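Student: I am new to this structure and would like a close look at a single part of it. Could you take me slowly through the metal site and the strands that lead to it?

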Amino acid sequence: MKKISLIAILSFVCFSTNAQTKDSISMKRIFNETLLNGNAYQWLYDLTENIGPRLAGSKEAGTAVEWAKQKMIEAGADSVYLEPVMVPHWVRGPKENAYIIEAGGNKQTVQVIALGNSVATPKDGITANIIEVQTFDELEKFGRAMVEGKIVFFNHPFDERFVNTFEAYGEAVQYRWKGPSEAARYGAVGSIVRSMTNAIDDYPHTGSMRYNDSLPKIPCIAISTVGANLLSKIYKANKDVKFFMQTNCEMKDSVLSYNVIGEIRGTEKPKEYVVVGGHLDSWDNCKGAHDDGAGIVQSIQIIKTLKALNMQPKRTIRIIAFMNEENGLRGGNKYAGEAKLKNEKHVMAMESDGGGEYPRGFSCGMTRAQFEKVQGWLKYFEPFDAAKFSFQEGGGGGADIGPLQTMFKTAQFGLNTTGQRYFDVHHAASDVFEKVHAQELNLGSVVMATMVYLVDKYGL
Ligand SMILES: [Zn+2]
């Protein structure tokens, strides 16, 4: 008996060592192929420089859909198809105007941008006194007596103590998202929010906001951090400061757009899906290189890498370029809704939407048992210095794949990057191709492909 168990143990050890060696060799091949023959960087140039800004509903978003379809075909996908989805069609119109009017009448122009989905000011703009707050508590304390008829200026900076800038963003973004309605609650006529960045420059950063339907819809803008500092300085010196803002945006009727889906069919379990993607749309004021051209090209590169290496997955790999993450999330919701209708089984969903900076690991939104299994693979990510996996109960993947988690509890992987410079350019005109580093971009794709390889082979 003893002898048999020893043989059994030895053969198991040999088998698992062999499997590990085989896996290490496969991963080395993925690494070499992506780094030496990858197209992600050239594709990113093409998407950002030849198509450029591509807000959902725009003509350019339509061009980007055709582009993504073509790139997935070129990468070697077994099939590529479009999933129709109705998306909001918000347009900015002519550039916004804004200036500070000091107590003595001196005017100082500042850089601003209307927030996505917001209503416009009257054609001739709004001029009103300012009231500056850092928090909703302060706003509440001022109350209607102090706020009515004024423009509320939410000057809430990123908390520099967060090492992870995404946490600073998460804490500050409420003032952009619901600030306008909270200001309207106390009778404000307009709302300004400090741009969501810790960079001090003159780029205003746009982004989504949502009105509370039970409150008046007031126009809202983001101001550059240079503009915010100037406005705050003038306001603190003399509270009798006025502000002029004029915006021209408009929400039009929804239009038809698409998620783009490319598949590599599974050989053993073709009805089990491994989803990987990013979002194809960007804001209209920027070329969306980090957000999220990077995630798109990293994902499509996985098709090219696996096909070039003739690695046939067991399960079906679905690469998805989601539409309308920025101002509606219609693409992500549509995909999960269709999956439910078709009763599809998803093994995992991965998203890269944290920019093309150096990859550090994954946020893992899954069960504890699944996370333990994933942690067993850390050694494969150590050579890339990307072995930082964090457990995120009920979240952690990305906006587009969130609905899969809500509907099916699908395990989520969100690619984490160093992220130190991401918010310098996020939703601003400075989010351009030159800000993305080829090697870092490719390494992100390698780390994603490595996890796809492991989950496909061993399941979760
Ligand atoms: Zn994004």
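Tutor: What follows is a walk from the metal site out into the strands connected with it. Please keep in mind throughout that this is a predicted model.

The zinc ion is coordinated by His-279 through its NE2 atom, by Asp-291 through an OD atom, and by Asp-353, which appears twice among the donors with OD atoms, the distances running from 1.8 to 2.7 Å. The angles among these four donor atoms go from 52 to 147 degrees, and the site is classed as irregular; a tetrahedral label would have required all angles to lie between 85 and 135 degrees, so this range does not qualify. Read along the sequence, the donor residues follow the spacing H-x11-D-x61-D. His-279 and Asp-353 bring together distant parts of the chain, for they are 74 residues apart, with His-279 in strand 11 (residues 269–279) and Asp-353 in the loop between strand 13 (345–351) and strand 14 (359–365). As for their surroundings, both His-279 and Asp-353 are buried.

From here we can turn to the strands themselves. Strand 11, where His-279 is found, runs parallel to strand 13, and six bridges join the two. One point of this pairing can be located by residue, since Gly-277 has Glu-351 in strand 13 as its bridge partner. Strand 13 is mostly covered, with six of its seven residues buried. Strand 13 also pairs with strand 16 (residues 411–417), again in the parallel sense, over four bridges, and there Ala-349 has Gln-412 in strand 16 as its bridge partner. Strand 13 is thus bridged both to strand 11 and to strand 16, while the loop that lies between strand 13 and strand 14 holds the donor Asp-353.

For orientation, it also helps to know about a sheet formed by other strands of the model. Eight strands make up this open sheet in the order 3-2-9-5-6-7-8-4, with mixed pairing, and its edges are strand 3 (107–109) and strand 4 (112–114), each of which pairs on one side only. From one strand to the next the twist averages 30 degrees. Within this sheet, strand 7 (residues 190–194) and strand 8 (residues 220–223) pair in the parallel sense over four bridges, and Arg-194 stands opposite Ile-223 in strand 8. Helix 4 (residues 136–147) packs on the sheet, where it touches strand 5 (126–133) and strand 6 (151–154), its direction making about 140 degrees with that of strand 5.

Terms used. Residues numbered from 1 in each chain as written. Predicted model: local features only at pLDDT ≥ 70, side-chain atom pairs only at ≥ 80, totals over all residues. Heavy atoms only, no water. Donors = N, O, S within 2.8 Å, 3.2 Å for Na, K, Ca; no water. Tetrahedral: all angles 85-135°; square planar, octahedral: opposite > 155°, others 65-115°. Buried < 20%, exposed > 50% of the residue type's maximum accessible area, 1.4 Å probe, protein only. Pairing = 2+ DSSP bridges. Axes fitted to C-alpha atoms, helices over the stretch in contact; angles between N-to-C directions. Contact = heavy atoms within 4.5 Å.
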